[in-house]
Amino acid sequence: MVILSGTVVILNGFSSAWYIYFFRFILLLSSIIPISLRVNLDLGKIYYSYGISKDDAIEGTIPRNSTIPEELGRIQYLLSDKTGTLTKNDMIFKKLALEYSTFTSDLRSDIEKILETN
């Protein structure tokens, strides 16, 4: 961006206020790069959604929007004890909180039934 702005100022010729033109071109060109990056990211999301819909391993999947790949890997909290000194390397299921429902260890059989049917 800076090199391109410098090139435009050099090709325009060093007039009396060349530094103003230099910063003006930097400002004009700085808005172009993030827009193209955003378009590139959106095209990538659409490609991933298409890949999910055509995947043979997960038949019947219909992505309804392009934010599906982002939401698939979203984890809000992951608590772990790296050394195992507190938990003795034994993790116990306490609670599973999803967007619209919460499951505790008392409802473990319900979770297993849902997983078996799906």
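**Lys 45 and Ser 66: a short tour**

Okay, let's start with contacts: of those in the chain with a separation of 6 or more, 17% are between residues 24 or more positions apart. Keep in mind that this is a predicted model.

Now the overall layout. The chain has five helices and two strands, and if you read along the sequence you get α-α-α-α-β-β-α. There are 118 residues, and 9% of them are buried. As for surface, the chain exposes about 10,700 Å², with carbon and sulfur atoms supplying 61% of that.

Let's zoom in on a pair of residues. Lys 45 sits in helix α3, which covers residues 32-53. So is Lys 45 buried or exposed? Its relative accessibility is 13%, and the cut-off for buried is under 20%, so Lys 45 counts as buried.

And what does Lys 45 touch, once we skip its neighbours within four places in sequence? The contacts are Arg 38, Ser 66, Pro 69 and Glu 70.

Let's pick Ser 66 from that list. You'll find Ser 66 in the loop between α3 and α4, where α4 is 68-72. Ser 66 has a relative accessible area of 28%, so it's partly exposed.

How far apart are Ser 66 and Lys 45? In sequence, they're 21 residues apart; in space, C-alpha to C-alpha, they're 5.4 Å apart.

Last bit: look from the Ser 66 side. Again leaving aside neighbours within four places in sequence, Ser 66 is in contact with Lys 45, Ile 46 and Ser 49. Try finding Lys 45 in helix α3 on the structure, then go across to Ser 66 in its loop.

Key: Residues are numbered from 1 along each chain as its sequence is written. This is a predicted model: local features need pLDDT of at least 70, side-chain atom pairs count only at pLDDT 80 or more; totals for chains, interfaces and linings use all residues. Side-chain values use heavy atoms; hydrogens and water are left out. Helices (H or I, at least four residues) and strands (E, at least two) are DSSP runs, numbered from the N terminus. Buried means under 20% relative accessible area, exposed over 50%, partly exposed in between (1.4 Å probe, protein chains only). Contact means heavy atoms within 4.5 Å. Accessible areas come from the Shrake-Rupley method with a 1.4 Å probe; for residues, only the protein chains shown count as cover.
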